[in-house]
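Please look at the chain below, and keep the structure in view while you read. The paragraphs that follow go from the overall fold to the surface, then to a pocket, and then to pairs of charged side chains.

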Amino acid sequence: IDVLEHIKENKNVLKHFYKALQPGGFLYIRIPAPVQKRIFNEKYFESHKLWEKREHVGQLYSLPELKQVLQEIGFSIIFSTYTNGFWGRLAFELNHIFREKSHILVGIFLPVLKLFFHLDLLVLNRKEGNGIVILGKK
């Protein structure tokens, strides 16, 4: 979960996962989508964008691209969807803005942010989002 984007040439990691799994084994991946939309003004995310540029050295994939890569390696896709639509994006962005101002704000609003995040989980098979979840089987 949120690791592959930090690894250069992460397609090789996916190949190693396939080799390491026993027949019938499962691979679960969650990565950011390559194009991420914002609800709030970009000025609130300058530090996050700098962090992403420094840390996200690995390939990001669209959902169809990641499915194709995994299928070429040999995985069968059981489930895939975009995540972090409006409600998840709202929770993430508010958390980031609050954290930049005060960790106390994060603590106060955490129950509401968790509610937003859980609302987002109810929407399956969306056409876009800030993240990708995929379950494959060897």
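A helix is here a DSSP run of H or I with at least four residues, and helices are numbered from the N terminus. Leu115 lies in one of these runs, helix α5. The model that you see is a predicted one, and its secondary structure comes to five helices and three strands. If you follow the chain from the N terminus on, these elements come in the order α-β-α-α-β-α-α-β. Taken along the principal axes, the C-alpha atoms fill a box of roughly 45 × 30 × 25 Å, and of the 138 residues in the chain, 38% are buried.

Turn now to the surface, where Leu115 belongs to a nonpolar patch together with Ile39, Phe86, Trp87, Leu119, Leu122 and Val123. Taken together, the residues of this patch have about 630 Å² of accessible area. Two helices, α4 (86–101) and α5 (103–121), each supply at least two residues of the patch.

The helices α4 and α5 appear again at the largest pocket, as both give two or more residues to its lining. This pocket has a volume of about 660 Å³. Its lining is made up of 33 residues, and those closest to the centre of the pocket are Asp2, Arg30, Asn84, Phe92 and Phe117. Besides the two helices, the elements that give two or more residues to the lining are β1 (26–32), α2 (46–55) and β2 (76–83). Which element gives the most to the lining of the largest pocket? That element is α4, with seven residues. When the lining is sorted by class, it has twelve nonpolar, eleven polar and ten charged residues.

Two of the residues closest to the pocket centre, Asp2 and Arg30, also form a salt bridge with each other, in which the closest N and O atoms are 2.8 Å apart. This pair links distant parts of the chain, for Arg30 sits in strand β1 while Asp2 sits in the segment before α1 (10–20), and the two are 28 residues apart. Is Arg30 buried or exposed? With a relative accessible area of 13%, Arg30 is buried, because the limit for a buried residue is under 20%. Asp2, at 33% relative accessibility, counts as partly exposed.

The structure holds eight salt bridges, and some of them join into a network that links Arg38, Glu42, Glu46 and Lys49. One of the pairs here is Glu42 with Lys49, whose closest N and O atoms are 3.5 Å apart. Both partners are partly exposed, Glu42 with a relative accessible area of 32% and Lys49 with one of 33%.

A further salt bridge is found where the side chains of Arg54 and Glu55 meet, with 3.7 Å from N to O. What does the relative accessibility of Arg54 make it, buried or exposed? At 54%, Arg54 counts as exposed, because the class of exposed residues takes in those over 50%. Its partner Glu55 counts as partly exposed, at 29% relative accessibility.

Methods. Residues numbered from 1 in each chain as written. Predicted model: local features only at pLDDT ≥ 70, side-chain atom pairs only at ≥ 80, totals over all residues. Heavy atoms only, no water. Patch = residues over 30% accessible without salt bridge, like charges linked within 9 Å, V, L, I, M, F, W, Y side chains within 5 Å. Areas by Shrake-Rupley, 256 points an atom, 1.4 Å probe, with all protein chains shown as cover. Salt bridge = Lys/Arg side-chain N within 4 Å of Asp/Glu carboxyl O. 1 Å grid on protein atoms, 1.4 Å probe; cavity = no way out; pocket = protein on both sides within 12 Å on 5 of 7 lines; lining within 4 Å. Points joined across faces, edges and corners; volume = space filled by probe spheres on them. Nonpolar A, V, L, I, M, F, W, Y, C, P; charged D, E, K, R; others polar. Buried < 20%, exposed > 50% of the residue type's maximum accessible area, 1.4 Å probe, protein only.
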